[in-house]
Amino acid sequence: MSLDSTMDRVLARRTEVENILNDAASLSVDEMANFARELSELRPVCEQIELVQRLTGELSDAAVMVDEAGDDPDMLEMARLEMQELQAQIPDEQQKLQLLLLPKDRDDARNAILEVRAGTGGDEAALFASDLFGMYQRFSAKYGWKFEVMEVSETGIGGYKEATATITGSDVFARLKFESGVHRVQRVPETETGGRIHTSAATVAVLPEAEDVDVEVIESDLRIDVFRASGPGGQSVNTTDSAVRITHMPTGIVVSQQDEKSQHKNRAKAMKILRARLYDAERARVQAERAADRKGQVGSGDRSERIRTYNFPQGRVTDHRINLTLYKLDRVIAGEALDEVIDALISEDQARRLAEGT
């Protein structure tokens, strides 16, 4: 489909949705909300379409002026300058439009569940997992997102075996979805007396938060165990059986929650994480089918793939998917410069999709 026909189709759809909303008496509350959301998504695209159309029209008018200038050198010069400016501006505006016309990931606007787990490297890996969890917490604060810690399994020296949080806000998944994968750290541990650099790893998973309607969970597919919660090193933190472990038997996914003193609250949290994992598994299956030959692409979500290295002695962060290196490690870990990596990943993904026409 040509760009012109696509623009006409989008403008026609805006008019159609506006007419539907003007006759809202026949709509249910949910239908009205869905059409209002669609209209808010169409507006910036239509504004860009109208800008491109206006500039294209002005270019045609300037070309006519050049033809009609005759022996008037001032008019000819003015028309030629206007043509040059428009010819330079239009391609940029068309590219912005093409980006807006790219199919949206339907999960981009969702909240996310963040899971960080220590990988190879013992205590140092757990400390690095804690650093990453803190990085995302500070990054969330920068955007005004709500960062709710759901569960943390500590090592006793400030490290995390694993930690889970819910991040709520605007376009959370869109910003964080490329963070899934293996993050590697190279640094001298505090316990290392010889000054040797150790390499450790932690795994990050960013899951789109699932609604009840997204995933059907059949009660008979679940095995629910309750037990007494315990703290680091087996220390008892509760005197009742409030901790909950849910096993989804068809997939083998296991979720445990023990941070709350209420069994009901722990079960609700565990179900929230279970739904997100089931939804993410289905999302990954669909993506794999669509892109079986793009194994190393940005945003593959493959959590076994090493995506980034944080080298403390050199103060650098390298994202291996796009060969980007920043000598701003402290600012990245602080959540301040993580945007530079994320923006580059999003731009790379957009460029690939534009090249492939998807």
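**View 1. Tyr143 is a partly exposed residue in this predicted model.** Its relative accessibility is 34%. Phe139 offers a contrast: Phe139 is buried, with a relative accessible area of 0%. Buried here means under 20% relative accessible area, so Tyr143, at 34%, does not qualify. Both residues belong to helix α4. They lie 4 residues apart in that helix, so about one helical turn separates them. Phe139 and Tyr143 form an aromatic pair. Their ring centres are 5.1 Å apart. The planes meet at 55 degrees, and the pair is tilted.

**View 2. Phe133 and Phe147 form an edge-to-face aromatic pair.** The structure holds 6 aromatic pairs. In the pair shown here, the distance is 5.2 Å centre to centre, with 70 degrees between the planes. The pair links distant parts of the chain. Phe133 comes from helix α4 (residues 122–143). Phe147 comes from strand β2 (residues 146–154). The two are 14 residues apart. Phe133 is buried, at 2% relative accessibility. Phe147 is buried too, at 14%. Ring pairs also bring in Tyr160, giving a cluster of Phe133, Phe147 and Tyr160.

**View 3. The charged end of Arg187 sits over the ring of Phe312.** The distance to the ring centre is 4.8 Å.

**View 4. Three strands, β6, β7 and β8, make an open sheet.** The order is β6-β7-β8, and the pairing is antiparallel. Strands β6 (222–227) and β8 are the edges. Each edge strand pairs on one side only. From one strand to the next, the twist averages 15 degrees. Strands of a sheet pair through backbone hydrogen bonds, either parallel or antiparallel. Strand β7 (residues 243–248) and β8 pair over 5 bridges. At one of these positions, His248 has Ile253 in β8 as its bridge partner.

**View 5. Gln257 is a buried residue in strand β8.** The strand covers residues 253–257. Relative accessibility at Gln257 is 0%. The side chain of Gln257 makes a polar contact with the side chain of Glu151, at 3.2 Å. Leaving aside residues up to four places away in sequence, Gln257 touches Met150, Glu151, Ala243, Val244, Asn266, Lys269, Ala270 and Ile273.

Conventions
Residues are numbered from 1 along each chain as its sequence is written. This is a predicted model: local features need pLDDT of at least 70, side-chain atom pairs count only at pLDDT 80 or more; totals for chains, interfaces and linings use all residues. Side-chain values use heavy atoms; hydrogens and water are left out. Rings of Phe, Tyr and Trp (its six-membered ring) pair if their centres lie within 6.5 Å; planes under 30 degrees apart count as stacked, over 60 as edge-to-face and the rest as tilted. Buried means under 20% relative accessible area, exposed over 50%, partly exposed in between (1.4 Å probe, protein chains only). A charge sits over a ring if NZ of Lys or CZ of Arg is within 6 Å of the ring centre and within 35 degrees of the ring normal. A polar contact is a pair of N or O atoms within 3.5 Å; within protein, one must be able to donate a hydrogen and the other to accept it, and residues adjacent in sequence count only if both atoms are side-chain atoms. Contact means heavy atoms within 4.5 Å. Two strands pair if DSSP finds at least two bridges between them. Axes are lines fitted to C-alpha atoms, for helices over the stretch in contact, and angles run from 0 to 180 degrees between N-to-C directions.
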